[in-house]
Amino acid sequence: MANQTVTVVDADLRASVEQFYARHMQLLDDGRIEEWADGFTEDGSFAIDSHPQVARGRRQIVDGATRTAQGLRDQGIARRHWLGMAAISPDRSGEGIRVRSYALVYQITAADGPSLRSSTTCEDLLVPDGDSWLIRERLVCQDQPA
Amino acid sequence: MANQTVTVVDADLRASVEQFYARHMQLLDDGRIEEWADGFTEDGSFAIDSHPQVARGRRQIVDGATRTAQGLRDQGIARRHWLGMAAISPDRSGEGIRVRSYALVYQITAADGPSLRSSTTCEDLLVPDGDSWLIRERLVCQDQPA
Amino acid sequence: MANQTVTVVDADLRASVEQFYARHMQLLDDGRIEEWADGFTEDGSFAIDSHPQVARGRRQIVDGATRTAQGLRDQGIARRHWLGMAAISPDRSGEGIRVRSYALVYQITAADGPSLRSSTTCEDLLVPDGDSWLIRERLVCQDQPA
């Protein structure tokens, strides 16, 4: 019963999830915050374990990400978000899918060039939106020393 | 005949391989060594070019990985294994598939935060296991200076 | 209309693109420059924003990459190209697909071990070649500080 917990994933589903994340991260890194936030449901939530407040709803998500993006621009920092090793499983509610993935953040500055900024684990609840997905819940956790 | 050596890959096959590796690496990084080792066949082998001994069979694989995981915990080191650029081809035996991929190991410590630990090339022989895969042979080679 | 600009991607198409890139990058990193260049159309172009000249046609592409590979070997540098976060969209011409992706270059030297060398964004026009793809146009841009 080695694989009893392995969830078989439909190829179309996986392809649509990967395409969704590729565009999602490129929009963020390009500073297209409104379009990026359209990847959340209207009532979507975005929690980061190192932040005290959970952003609830697209408006709060846009506001927080806009402040972050402005702060990075002011410091001359560009970022590249890589999401990978995405393990997909059905959500118990039957309404969507759970995706647990790794996300690395690289940043580029004039002084240091490109460097690794952080290593995180990202847990999303995605719900269908036509042929693509929207994020209803996101929890990002900084990877901690053992 | 530019593409005579390009192997066309079935989308379902590729999706199942990617899902397999995502779970496989997350289990390892979460210290769930028994479940991780269930991703090998009972008689599976795991060779690392920088290690003198090949681990043969799940028991040896579990034992070796448990020692490694304990050592890392003792040093306060967490790791994240990223596998990517997976080139899939049929195995000549007809029993499975060969996957040659890149694997990066990041680690997280209190002193250094996240950093790149090693860059390797991973060659697996995967055999079907229901709707997923098991590793019959793994060879990991540290990438060497030219 | 949150997703009006999201392009739905066929799973077979995405799988074939990922397989193409995996082999393509492994050939480059293995120094198999002629085979790597066979991944471009005969009249393919390869532009890098930090290089003054666009390589036009397989011959120029081979020549440039051979010089680069030789220079790296002379310095004892191995490289690993990771391409990820591939956002695929149809090309307006209807002849192929556009792929905008991130590409990281890691390098391995005796002195430094593995390290991140550069973070780039890669825009390809791929045209079908049997069951796989050929690159008609490639533009690689170094990611810049904000």
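Copies are superposed by least squares on the C-alpha atoms of residues with pLDDT of at least 70 in both. With that in hand, here are some close-up views of this predicted model.

**Figure 1. Chains A and B around the rotation axis.** A turn of 120° with a shift of 0.0 Å along the axis lays chain B on chain A, and the RMSD is 0.0 Å. That is the relation of a three-fold axis. Look for B:Ala11 in this view: its C-alpha is the one in chain B nearest the axis, 3.4 Å away. The two copies use different surfaces, as 15% of the contact residues of chain B recur in chain A.

**Figure 2. Chains A and C around the rotation axis.** Chain C, too, can be laid on chain A by a turn of 120° and a shift of 0.0 Å along the axis, with an RMSD of 0.0 Å. Within chain C, the residue that comes closest to the rotation axis is C:Ala11, whose C-alpha lies at 3.4 Å. Only 16% of the interface residues of chain C are also interface residues in chain A, so these copies meet through different surfaces.

**Figure 3. The largest cavity.** The model holds 6 cavities of 30 Å³ or more, and the largest has a volume of about 590 Å³. Its lining is made of 29 residues, and those nearest its centre are A:Glu18, A:Leu83, B:Glu18, C:Glu18 and C:Leu83. To find your way around the wall, start from α1 (11-29) and β3 (78-90) of chains A, B and C, each of which supplies at least two lining residues. By character, the lining divides into 20 nonpolar, 3 polar and 6 charged residues.

**Figure 4. The second largest cavity.** This cavity has a volume of about 90 Å³. Ala11, Arg14, Ala15 and Glu18 of chains A, B and C line the second largest cavity. The elements giving two or more residues to this lining are α1 of chain A, α1 of chain B and α1 of chain C. The lining residues here divide into 6 nonpolar and 6 charged, with no polar ones.

**Figure 5. The open sheet of chain A.** Here 6 strands run in the order β2-β1-β6-β5-β4-β3, with mixed pairing. At the edges are β2 (55-56) and β3 of chain A, each pairing on one side only. Strand β3(A) pairs with β4(A), residues 97-109, in the antiparallel sense over 11 bridges. A pair to pick out by eye is A:Gly84, which stands opposite A:Tyr102 in β4(A). Helix α1(A) packs on the sheet and touches β1 (40-48), β3, β4, β5 (113-129) and β6 (132-142) of chain A, with its direction at about 160° to that of β3(A). Helix α3(A), residues 57-74, also packs on the sheet. The strands of chain A that α3(A) touches are β1, β2, β3 and β6, and its direction makes about 50° with that of β1(A).

**Figure 6. The open sheet of chain C.** Strands of a sheet pair through backbone hydrogen bonds, either parallel or antiparallel. In chain C, 6 strands form an open sheet in the order β2-β1-β6-β5-β4-β3, and the pairing is mixed. Strands β2 (55-56) and β3 of chain C stand at the edges with a single partner strand each, so one side of each is left without a neighbour in the sheet. Strands β1(C) and β6(C) run parallel and are joined by 5 bridges, and C:Ser45 stands opposite C:Glu137 in β6(C).

**Figure 7. The hairpin of β5(C) and β6(C).** Strand β5(C), residues 113-129, and strand β6(C), residues 132-142, pair in the antiparallel sense over 10 bridges. Two places to follow the pairing are C:Thr120, which stands opposite C:Gln142, and C:Leu126, whose bridge partner in β6(C) is C:Ile135. The hairpin has 2 residues between the strands, and C:Gly130 takes a positive phi near 60°.

**Figure 8. Helices lying across strands of chain C.** One helix in this view comes from another chain: α1(A) lies across β3 and β4 (97-109) of chain C and runs at about 100° to β3(C). Helix α3(C), residues 57-74, lies across β1 (40-48), β2, β3 and β6 of chain C. This helix, α3(C), runs at about 50° to β1(C).

Notes: Residues are numbered from 1 along each chain as its sequence is written. Chains are lettered from A and ligands numbered from 1 in the order in which they are written. This is a predicted model: local features need pLDDT of at least 70, side-chain atom pairs count only at pLDDT 80 or more; totals for chains, interfaces and linings use all residues. Side-chain values use heavy atoms; hydrogens and water are left out. Contact means heavy atoms within 4.5 Å. On a 1 Å grid over the protein atoms alone, a cavity is a set of points where a 1.4 Å probe fits but cannot get out, and a pocket is an open set with protein on both sides within 12 Å along at least five of seven lines; lining residues have an atom within 4 Å of a point. Grid points are joined across faces, edges and corners, and a volume is the space filled by probe spheres set on the points. Helices (H or I, at least four residues) and strands (E, at least two) are DSSP runs, numbered from the N terminus. Ala, Val, Leu, Ile, Met, Phe, Trp, Tyr, Cys and Pro count as nonpolar, Asp, Glu, Lys and Arg as charged, and the others, Gly among them, as polar. Two strands pair if DSSP finds at least two bridges between them. Axes are lines fitted to C-alpha atoms, for helices over the stretch in contact, and angles run from 0 to 180 degrees between N-to-C directions.
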